[in-house]
Structure formats: structure tokens, C-alpha cells
Amino acid sequence: MDDVRAVAVWRDGTAVRVPADEPVVTAFDTGLARGDGVFESVWVVGGRTPHLADHLARLHRSAALLDLPPVDDEVWTALVAAATDGWPADVEGACRLFLTRGLGEGHPPTALALLAPVPPETVTQRMAGISVVALTLGVAADVRAVSPWLLGGAKTLSYAVNMAAQRHAHSVGADDVVFTSVEGRLLEGPTSTVVWAAGGTLHTPPLDTGILAGTTQARLFAAAEATGWPTAVTPGTLADLHAADAVWLLSGIRGAAPVTSLDGTPRGDAGLTVRVQELLAD
């Protein structure tokens, strides 16, 4: 595929489409210097963003946790429209919305949208599944709930640890990671939410562990409940994943990727992945 990318930035009260290789932020932007900002990754399919509202709601929650200046939905909608204008309907896209503190107090925040095709390996993992290793995040399961400065539940630009975890997974022959607390409680993936099926119920870890609220997980649970498939918020462990009928890592771009191996132990999905993906497609 030829390089297809798009960039839109908010300037002087309007969304401006700029060439993909044109610089759009100063080197003094605090988002670059300190990771002082938040972001969302929005799936573009058929040239549309069907789940944009869910991502904007989470973006606002993240921004509030960082005390970032509020940015109206109209700004983000205009940026997404500018970035997706003319986007090929047959190309899946990942539209990343970035909000930083800009140059700091007394200056406007930086708001921009970047759009690029979904990588082929992401689509492959959605269909063929992923191998996963468990890694400790090094925090107790309850520490972020009482420590707001740790920014539990915020989708911040400070993703260096997340990316390092994925690189470690790749170095040992795995595709992705499930983080655990120091007590062995299930948390989340570096870029995903953990969901497992057991006892006829879909389970996911509680948000009071400081994990990010998953937009895709929320859609899946709502759709499952509507069809009579029970759901539960469960403080799980790795033993629960090993004993589960199926395990998935859910994210907005990849969707529901079935876990085919956990810490080197192969596992199946009891034929449930098709059902999960059908619920998310509705």
C-alpha cells in the first residue's frame, strides 16, 4: 500500500489539514518534553468513526485527571473530519487524537489528529490471535485508587513503560502482555483490556485497580448483556485466565484478539471468539 496518512491541527479556532510530514508542534511543547498530555486511538472503518463519542468521553476524563484545559467536542469532531476527509473507504484507519498542555500556563493547549492505516499485523492478530506473557506492573492493586497523582485510569502520553513491556514480550517470542499487580491480581494489557469467559460469564478486572476503562470492553459487555450473556467485574488472577474457556485482549483498533498462548501454555477459545466479534460488529 502506498503511504496514506493525514494530519489535522487546531489553529486559530479552526481545524487545519496539513501535510503529513510537516511539523505541527514546537520542541518546547510539554507533551513532547514531559509526556504531559493525553490521547485516544479511534477506529476508522468505511471512512467513518462509529465509536468516536465513546473515545471523546474517555479523553475528557483523562484530561480532567491531568487538569488539562478542557477542549470541546466540536474541536475534536472538526479535527477528525479534517483528517478523515477523502480517506479511502476500503482502508481501515487509526485516528489518534492528542491533547497536550502546549507551552504551559497562559498558553493554549495543543490539539491534533493523526490518521494512518491500521498495520497489517494488527488485522492478523484480530483474526489469528496472539501469544501473551504476564509481567508485573510493580504496583499494588489498590494503590492507584488512593493515589491520584499516579493518574490511574488516565490514557496519558507517558507510554514508555507500556512500550518497553511489549518489546520485552517480543524479545521472548510473544506478541503482547498482561500486566499483574504485586499481589498477582490481573490488571490490563499495555494497550488493551483483559476479558475472559468462564462459567458462562464474561469477566473483566475492576477499575479500582487503576486500569483504563476500556471502550471496546464496555461495548462488548453491553451487547452481551442484551443477548443474555452475563457479564461480571471480577478481581482475577493468572490462574483464572489459565482455567478460562477463552481469553481476549480488547482494544479500539485491534478489536477482540483471542489469546492463543499464555506464558508459553497454548490455550483455545471454546469457539467463543466468533460470537464476541459478532457482538462487537453490531
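Guide: Welcome! A residue counts as buried when its relative accessible area is under 20%. Please keep in mind that this model is predicted.

Visitor: Thanks. Is H203 buried or exposed?

Guide: H203 has a relative accessible area of 13%, and the cut-off for buried is under 20%, so H203 is buried. H203 is found in strand β9.

Visitor: Which polar contact does the side chain of H203 make with another side chain?

Guide: The partner is the side chain of T234, at 2.7 Å. A polar atom of the H203 side chain also lies 3.2 Å from the backbone oxygen of A198. Beyond the neighbours within four places in sequence, H203 is in contact with V194, V195, W196, A198, F221, A232 and T234.

Visitor: F221 brings us to a helix. How do I read the length of helix α6?

Guide: Count 1.5 Å a residue: the 12 residues of α6, 215-226, should span 16 Å, and the end C-alpha atoms are 17 Å apart, which agrees. Just after α6, G228 takes a positive phi of about 90°.

Visitor: Which residues of α6 are buried, and what do they pack against?

Guide: T215, T216, Q217, L220, F221, A223 and A224 are buried in α6. The buried residues of this helix pack against α2, β8, β9, β10, β11 and α8.

Visitor: How does α3 look when read in the same way?

Guide: α3 has 12 residues and reaches 16 Å from its first C-alpha to its last, close to the 16 Å expected at 1.5 Å a residue. G86 follows α3 and has a positive phi, near 80°. The buried residues of α3 are V75, W76, L79, V80, A82, A83 and T84, and they pack against β1, β2, β3, α2, β4 and β5.

Visitor: Let's turn to the cores. What is the general idea?

Guide: In soluble globular proteins, nonpolar side chains tend to be buried together. Here, the largest nonpolar core has 27 residues, and V38, W76, L79, C95, L97, L99 and L115 touch the most other members. At least two residues of this core come from each of β1, β3, α2, α3, β4 and β5. The largest share, six residues, is from α3. Another core, of 16 residues, lies apart from this one, and its members include A223, A224, W229 and V276.

Visitor: What is L97 in contact with, leaving aside its neighbours within four places in sequence?

Guide: L97 is in contact with V38, F39, E40, V42, L52, L56, W76, V80, L112 and A113.

Visitor: L112 sits in β5, I think. How many bridges join β4 and β5?

Guide: β4 and β5 pair in the antiparallel sense over eight bridges, with A111 of β5 as the bridge partner of L99. On β1, the pairing with β5 is also antiparallel, over four bridges, and L112 is the bridge partner of V9.

Visitor: Last topic: how do I read the two faces of a strand?

Guide: In a regular strand the side chains alternate between the two faces of the sheet. Take β7, residues 176-180: D176, V178 and T180 point one way, V177 and F179 point the other way, and all are buried.

Visitor: Which strand and helix make a β-α-β unit with β7?

Guide: They are β6 and helix α5, and the unit is right-handed. β6 and β7 pair in the parallel sense over five bridges; for L135, the bridge partner in β7 is F179.

Terms used. Residues numbered from 1 in each chain as written. Predicted model: local features only at pLDDT ≥ 70, side-chain atom pairs only at ≥ 80, totals over all residues. Heavy atoms only, no water. Core = buried A, V, L, I, M, F, W, Y, C linked by side-chain atoms within 4.5 Å. Buried < 20%, exposed > 50% of the residue type's maximum accessible area, 1.4 Å probe, protein only. Contact = heavy atoms within 4.5 Å. Expected span 1.5 Å × (residues − 1). Pairing = 2+ DSSP bridges. Right-handed = clockwise from strand over helix to strand, strands pointing away. Polar contact = N/O pair within 3.5 Å; in protein donor to acceptor, adjacent residues only side chain to side chain.
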